[in-house]
Amino acid sequence: MMKKGMKQVCVSMAVLPLVWLNLGITQPLEVQVNAEETKENETAKTEAAQQLSKEEYAKLSAEEGLGNVIDASVTDNVITLKIDNGDEDQDDYLEISPLANNLLKVNLRPRNIENSESTPMIDPNATFTAIGATIDLESDPMIISTDECTLEISKNPARMTFKDKDGKTLLSESADGGIFDGGVRFKRGASDHVYGAYGISFGEGDLGMERDNTAADSGKTAQAGQQGNAGGPFMWSTAGYGLLVDSDGGYPYSVADEEKLEFYYGDTIVEGRRYVKENVEMYLMSGEPEAIMSSYADVTGHTPMMPKWSLGFSNFEWGTDEAEFRKNIDTYRAKGIPIDAFAFDYDWKFYGDPVHGADYGEFAWNTENFPSAADATLKTDMDELGVKMIGITKPRVVTNLEDGTPTQQGKDAEANGYWYPGQAPYEDYAFPVTVRSIDPYNAEERDWWWSHSEDALDKGIVGWWNDETDKVSSNGADYWFGNFSTGFTSQAMYEGQREYTNERVWQTGRTYYPGAQRYSTSTWSGDIGVQWKKGEVVDWANGMQEQPSTMLSTINLGQTKWGMDTGGFNANSGQVLNPNPELYSRWMEFSSLVPVFRTHGNDNQQRQPWFYGGTAEEVAKSSMNWRYSMIPYMYAYERQAYESGVGLVQPLIFDNPTDENVVDLTDEWMFGDGILAAPVLEEGAGSRDIYLPAGTWIDYNRGDVYEGNQTISYEVNDEDWTDVPMFVKQGAIMPMQQPQNYVGESAVETVYLDTFASDDNTSFTHYDDDGKSFDYENETYLKQKMTTSKTTDGTTFTVGAKEGSYQADTENYIVKLHGNAAESVQVNGADSKLYDDLSALENADGGGYAVSSDIYGAVTYVKVPAQATADTVITTTGSASVVQTGTYEMENGSSFANTVADKPVSENTYVDGYDTDGAGSTVYANVKDSGDYNVDLTYKNTSTENQSLSIFVNGEYVKQTTLKPAAEWTIASEALPLSAGKNSITYKVVTDTGDKADQVQLDKVNVGFTPTIAKVEAEEADLSGTLAVATDHWFYSGAGFVGGFGTAGDEIKFTVDVPADGEYVLNTRTANGTGMPQTLDLYTNGEYNSRVTFPSEGENWNIWSDTEKAVDLKAGTNKITFLMDGATTGNISMDRILVSAAPVESPVQSEVNLLDNGGFERDASGTTNWVESHPDGQEKAYGVDSGSGVNPQRSVAKARISIFQEHMSKH
């Protein structure tokens, strides 16, 4: 008699292709279904879709394990154990196959049954080379060992113990447990940290990534799930093991205090089981996390390389037409904001159209919305602009139009049996038409689906947005799709397109189950909310803060390609809600550090950067330009994901498996092996804690050096949101390029190798290919391994010989050796030529070197030929002194205008053409600290009169600079307020300020790394006692001030860097509305300095005063502390401090024209210095929200569809 749980029962389907039950019947069996009954069944099933109860788990856990081994043999690398189960005619068989040194396949065939068909989880094309495993079947326990792991099997009863290469037990079966015909049961260490099993759906909150106690997540099973979820019967541990069970859904059980790691098939699963397994097929893996993920990919399939353009930026949009689309693309190009792809929702096709929808409208361009798509005109135009078009698909077809007319596609699907089992027709939520779900499990349906997609591909749709392959909820219908629906939908497009063309495939879906990665699909996190975190606006959708855990838990399940609706999709809060500028800025920074960089909003919402104000636009553009400079670095990880299953983004546990500080740390991650990313995810944050694992870390944007194994409090800019905390790991080599408006805009002839050498040998393999075809599968690629190390005498850098047959555009590598300016450089033993600066080296015909400085200190640039067939060895010796200033060439910055035709022109070494209003150029400068900096602009003015440009810093207007006539290059200096880290410095023609610059050419900008006047906001300092950040006074600097100083022990501690030992002026800005002087004690670096008296300007707390004191500081980092003790009076508010080598002239540049509550931090109930302006005779400013809302302009396209509010979350 069959034991409970042995067979995965197919339930909740009214139509079942019986071929899956191996009965040889290939035509679907039709069963009449009552739609209302189906709905009730689905509701009941949904209610049952929970983790198994404790009682159910206890019952399964008590199921009898295997009996005694009665025979053992080896045939063709398969060890077969015959096991007594009390039935002499039908004994159990346990088969073990060593597939690789760290990978074993274990297969249980209860009662000698035949193996069931593997589910689509398992790659049918996977091949393994026989290894020399050592097998001893005579001993007890029997031993199967490889170079990396050992499996011991006791004979009486048959129980397995899995060990690593050092003999440490990883997993073991207890005498009263073990594998059985309903699942697998292992004992594991109580301190082991487990990952995988399931991800996070779009409304589940932050479940973290650790899966040490799955019983706590009562609603989670190993299923693809819905709306951004990922899941599968795959669990692994940083303790050194992985477990994969071939199953169509099921129930993971990982509970630390019970020392259990188990997986049960279960009789039913909510999504409906389409594959039955009567045997139990599992895979055991050992090793570090990367090795486990690689073994997982070997079994379930490797992800193909996606086109190189997919590493760029994509704008997804619902509610547009051709006119608006073209205008948006022209604006991106005019503004110099990079974009590679634009994705269309329903708007691109004749889905449900009353005129054209009856003849496969789901697959046809909507030529009323997009007239140029009637032929290849739109495609040709976008190809010239470097824009790829992506179109949405839905797993359904229209069967009847609004007037009841049956469609041809519906008739064909009916005639050929293409409907999804158990799903009746229903009314679509977006159009008043009848639709029905198709069945991508059916190979013939997949061929049919692709055949009708070819025309869209021919006319420009090169990416497939496969929406709603998880669950549909519409007008009373509530249907789940099976776990493999996303995978099979992707398979239809992938295999169809590969057969049709050699162009690579790009797709995205909103769920993931193992195996889907084989078909070139990414995952996005569903229709998340327009909010910082879940519950802020709506309580049924996650916000931005839940996305890192969603991403990392998905990556831990083997899906390396992940993205999200940057800016948020859902609001449903009774208003049209868009992200405010701060949320948009921080979200764009975050999104630039994930595998798939894309925006999306709800119907007719705009997510283009220019809708969110100058500051947000500059923040977004800065992050986008940086990402485009990193294309060579990212593309190497695109290749790595294909080869090993480990991609661009990795949780910190991958490299630090024994570090207890990172076991569930999800708000920071590795962006490749070289960069630790820790974006700002909190609203109004003035600082954030960042944990740095073992190693030496360099602040990517500020240059400070930190030793690892510590948590640092990192100050961030809460006023203009420019900083993205990132840290380079010492030893990193990162290939970079000059950013482009789109991938492939021009040939990348020079690749820069950003190098942070350490005492140890480190390496990086640079990779390139044509970026668009599948020729890489046949070694048509370029690989060159770069290695480096340093000693006290100098640095060695080796460019390895070229591998592969691809001839890239790259002619030269410029190696940036950070940390030293060499006195001499040799290349392959020969002296290299010294050039004056990097620009001269870049424009030289041959190789050579130059020395300079950057935010990290001294630097040596070495230019060598790329793609050499032999190793190129660079050695540096000596140390030269260099001026500590950063040089930013204007031609390497970003030029822009109101139209593409008006954009300034980049020549080899300068930029020309500032002829029209709105034309300008931006460079990105890095500084260590906030403050006022002397910024030198090198320019020519060939006219006989003064000309001028307006200067913007981080999107905000600062001042106008006058450019005197100069036939030769000359310098115009200005004091500019810069923030710590990366800054956008823009020179722009603004005719409203009287600018004229039609005879001006701009060469470069020079900025020192330390300010002439350093500035530290009080709200960014360390606070003790009763001190707190406040905003209720007017005209504070930054995002607030610090109030309190009413209790002894109240203390504020500032951190400030200075370039040299010496005496400095400390300028402190305070408000004192008490009407009398007040005092605090001042300390520098822990030593008492003096008692400081702060004046009062009367009983008005909105008046700020400056107080100056002389302080002795040391070169480097200093602590400046104000303390209230028993002898001081306190009772002041403190806004900021300034530190300068010379007396400070107020106001400093950052406080010129200071606005009250400039960032609108103050609670709306507080007093304000703002007055709303509106026309005479009108009570409020023009507009439905009185001009005070944060909503950017709605789309001007006339939407052809009407979506009811209650259906927004289903999109």
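**Domain contacts and salt bridges**

Biologist: How many salt bridges does the rule find across the interface of domain 3 and domain 4?

Modeller: The rule finds 0 there. A salt bridge here needs a side-chain nitrogen of Lys or Arg within 4 Å of a carboxyl oxygen of Asp or Glu. This is a predicted model, so local features need pLDDT of at least 70 and side-chain atom pairs count only at pLDDT 80 or more, while totals for chains, interfaces and linings use all residues. Residues are numbered from 1 along each chain as its sequence is written, and side-chain values use heavy atoms, with hydrogens and water left out.

Biologist: And how many residue pairs are in polar contact across that interface?

Modeller: There is 1 such pair, with both residues at pLDDT 80 or more. A polar contact is a pair of N or O atoms within 3.5 Å; within protein, one must be able to donate a hydrogen and the other to accept it, and residues adjacent in sequence count only if both atoms are side-chain atoms.

Biologist: Which elements of domain 3 touch domain 4?

Modeller: α14 (838-843) and β46 (848-854) each supply at least two residues of that side. The largest share, 3 residues, comes from α14. Helices (H or I, at least four residues) and strands (E, at least two) are DSSP runs, numbered from the N terminus.

Biologist: How much area do domain 3 and domain 4 bury between them?

Modeller: About 490 Å², with 54% of it on carbon and sulfur atoms. Buried area is the accessible area (1.4 Å probe) that two parts lose on being put together, summed over both.

Biologist: How far apart are the C-alpha centres of the two domains?

Modeller: The centres of domain 3 and domain 4 lie 31 Å apart. Their contact (heavy atoms within 4.5 Å) takes 6 residues from domain 3 and 8 from domain 4. The bounds, from an automatic or database domain assignment, are 747-883 for domain 3 and 890-1010 for domain 4.

Biologist: Back to salt bridges. What is the count by the rule?

Modeller: It comes to 47. One of them joins Arg 498 and Glu 777, with the closest N and O atoms 3.0 Å apart. Arg 498 sits in helix α9 (residues 485-500) and Glu 777 in the loop between β40 (762-768) and β41 (782-790), 279 residues apart.

Biologist: Is Arg 498 buried or partly exposed?

Modeller: Arg 498 is partly exposed at 29% relative accessible area, and Glu 777 is partly exposed too, at 35%. Buried means under 20% relative accessible area, exposed over 50%, partly exposed in between (1.4 Å probe, protein chains only).

Biologist: Which salt bridge has both residues buried?

Modeller: Arg 688 and Glu 668 are both buried, and their closest N and O atoms are 3.8 Å apart. Arg 688 lies in strand β33 (residues 687-692), and Glu 668 lies in the loop between β30 (649-650) and β31 (669-671).

Biologist: What about Asp 1081 and Arg 1091?

Modeller: Their side chains meet in a salt bridge at 2.8 Å, N to O. Asp 1081 is in strand β66 (residues 1078-1084) and Arg 1091 in strand β67 (residues 1087-1094), so the pair ties together parts 10 residues apart in sequence. Asp 1081 is buried at 2%, whereas Arg 1091 is partly exposed at 38%.

Biologist: New topic. How many residues of α12 are buried?

Modeller: 15 of its 17 residues are buried, so α12 is largely enclosed by the rest of the structure.
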